[in-house]
Structures are given as C-alpha cells and as structure tokens.
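Here are my notes after a pass through this one, set out as numbered points. Have the model open while you read.

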Amino acid sequence: MIKRIALSLLFAASLAAPALADVTAGTLVISEPWSRATPPGARVGGGYLTIRNTGSEPDTLVSVASPASEKAELHLMKTEDGVMAMRPAEAGVEIPAGGTLVLEPGGYHVMFIRPKAPFKQGESVPLTLTFAKAGAVEVNLTVSPIGAPGPAKTDGDKPNMDTSAHGAGQENTGAEAHGNHGSGE
Ligand SMILES: [Cu+2]
C-alpha cells in the first residue's frame, strides 16, 4: 500500500516536470516520441508522439518527413462501416490553443512507408515535423518492441495485457490496409 502511494506520487511528479527528451518549438512542446520495431520486410512503420500547444493561438501540423523510409505521411485511423481504415490527413492536423494532439496507435499517427531498414528496438528514428507557425522541428522516435502498446518507459505503469492485445490487432490491420494503398501509388 505504502509503496503504491509512493510510486504514484513519483509518477505524478514526473508528469509535472517536462522530461529531458521533450522538444520545444515556439509554443509547442513535443513529448514521448516513439515508434515500434518492425519485422523484416515490413512495408510500413508507425510513429507516435504528443504535441502540447501552450500558446494562445492554434498551430497546425502540416507535414512529416523522415530519411528512414521512402515516404512519411500523417494518417488518421478510424472505423468506417465497421472496418478500421487509414486515410492520409492531407490538410494537416490542428493543435488548438491550450490543446494537445496525441499521435497514437488507433488514431492520428505518422506512417513510415517502405522503411529503408527494419526499425530495431532501442534505436531511434529521425522525424521532421513541419508546423504552419512553429516551422520544422526535428525529433527522434525511440523504438519500442514489436506490438508495444506505448513508449517503453510507461510499460510499468499500465495494465499491459489489454492494451498490448489491442495494439497488436491495430498494427496488423494497418499493415494490410497499407499494402493496398501503397501498391496503388
Ligand atoms: Cu497509417
């Protein structure tokens, strides 16, 4: 009991103070950039992070780019007619004043199309985010294990069984959806 309380206090403290890895660009604070390891031959990889807008005006994440894959796109995954599908977010995604945009499995994400080499656990993947106001911002995504539900450092804080099963399912759906959409291009 006492241990549990101490741990949750520690966790609260770590949320309050920006982590060392946070990247600040103008009024935006980008945290927890992560990706997942990809199996050999995978045609796509995902990129996830959190963008907090501490300013009084909205900004828009306009585009993404990376030297780690042939192409990188900003996507939204959602359920259409009962089927999970992804669509490129061509107009970008707005981050409202005081708001937070979370790129995560099952929602908005960065899609690395045809990675040049498999993403390996523990390595990092460079990504450039371009915002309408804040401009271009470079981040490095830390690669979590294949099918990981979230960034490596939160593993101990979450009930892993549920979220990892969920995440793995989405990853499969994504890879299939992408095979189709990649070959059409
Ligand atoms: Cu996608």
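**Notes on the model**

1. Starting with the surface: the protein chain exposes about 10200 Å², and carbon and sulfur atoms supply 58% of that. As for the inside, 39% of the 185 residues count as buried. Keep in mind throughout that this is a predicted model.

2. Now for confidence. Mean pLDDT for the protein chain comes out at 81, with 71% of the residues at 70 or more. One weak patch covers residues 12-19, where pLDDT stays under 50 and the model has one contact beyond four places in sequence. The other stretch to flag is residues 154-185, also with pLDDT below 50. There the model does place 33 contacts beyond near neighbours in sequence. I'd remind anyone using the file that where pLDDT is low, the predicted coordinates should not be read in detail.

3. On to the layout. The protein chain has two helices and eleven strands. Read from the N terminus, the order is α-β-β-β-β-β-β-β-β-β-β-β-α, so to speak a run of strands with a helix at either end. Contacts reach far along the sequence: taking those between residues at least 6 apart, 68% join residues at least 24 apart.

4. What sits in the middle of the nonpolar packing? The largest nonpolar core has 27 residues, and the members touching the most others are Leu49, Ile51, Leu61, Leu127, Leu129 and Phe131. Leucine 127 is a good place to centre the view. Beyond its neighbours within four places in sequence, leucine 127 is in contact with Leu49, Val64, Ala65, Ser66, Val110, Phe112, Val137, Glu138, Val139 and Leu141. There is also a second, separate core of five residues, among them Val44, Met77, Met111 and Ile113.

5. Have a look at alanine 136 too, which is found in strand S11. Is alanine 136 buried or exposed? With a relative accessible area of 58%, alanine 136 is exposed, since the cut-off for that is over 50%. Setting aside neighbours within four places in sequence, alanine 136 is in contact with Thr128, Leu129 and Thr130. From alanine 136 to leucine 61, 75 residues away along the chain, the C-alpha separation is 9.7 Å.

6. Salt bridges next; the count is four. One of them pairs glutamate 57 with lysine 133, with 3.6 Å between the closest N and O atoms. That pair links distant parts of the chain, 76 residues apart. Glutamate 57 is in the loop between strand S3 (44-53) and strand S4 (59-65), while lysine 133 is in the loop between strand S10 (124-131) and strand S11 (135-144). Glutamate 57 counts as partly exposed at 49% relative accessibility, whereas lysine 133, at 54%, counts as exposed. The two labels differ because the line between partly exposed and exposed is drawn at 50%, so I wouldn't lean on the wording for this pair.

7. Two further salt bridges are worth a click. Glutamate 73 forms one with lysine 71, the closest N and O atoms being 3.3 Å apart. Which partner is buried? Glutamate 73 is, with a relative accessible area of 13%, while lysine 71 counts as partly exposed at 31%. In the other, the side chains of glutamate 80 and arginine 87 meet at 2.9 Å, N to O. Here glutamate 80 is partly exposed at 27% relative accessibility, and arginine 87 is partly exposed at 41%.

8. Last, the aromatics. A search of the whole structure finds two aromatic pairs. Tryptophan 34 and tyrosine 48 have ring centres 4.6 Å apart and planes at 40°, so this pair is tilted. The two come from distant parts of the chain, tryptophan 34 from strand S2 (residues 28-36) and tyrosine 48 from strand S3, 14 residues apart. Both tryptophan 34 and tyrosine 48 are buried. The rings of phenylalanine 112 and phenylalanine 119 have centres 5.2 Å apart and planes at 85°, so that pair is edge-to-face. Phenylalanine 112 and phenylalanine 119 are buried as well. Phenylalanine 112 also turns up among the contacts of leucine 127.

Terms used:
Residues numbered from 1 in each chain as written. Predicted model: local features only at pLDDT ≥ 70, side-chain atom pairs only at ≥ 80, totals over all residues. Heavy atoms only, no water. Helix = DSSP H or I, 4+ residues; strand = E, 2+ residues; numbered from the N terminus. Buried < 20%, exposed > 50% of the residue type's maximum accessible area, 1.4 Å probe, protein only. Contact = heavy atoms within 4.5 Å. Areas by Shrake-Rupley, 256 points an atom, 1.4 Å probe, with all protein chains shown as cover. pLDDT = per-residue confidence, 0-100. Core = buried A, V, L, I, M, F, W, Y, C linked by side-chain atoms within 4.5 Å. Phe/Tyr/Trp six-rings, centres within 6.5 Å; stacked < 30°, edge-to-face > 60°.
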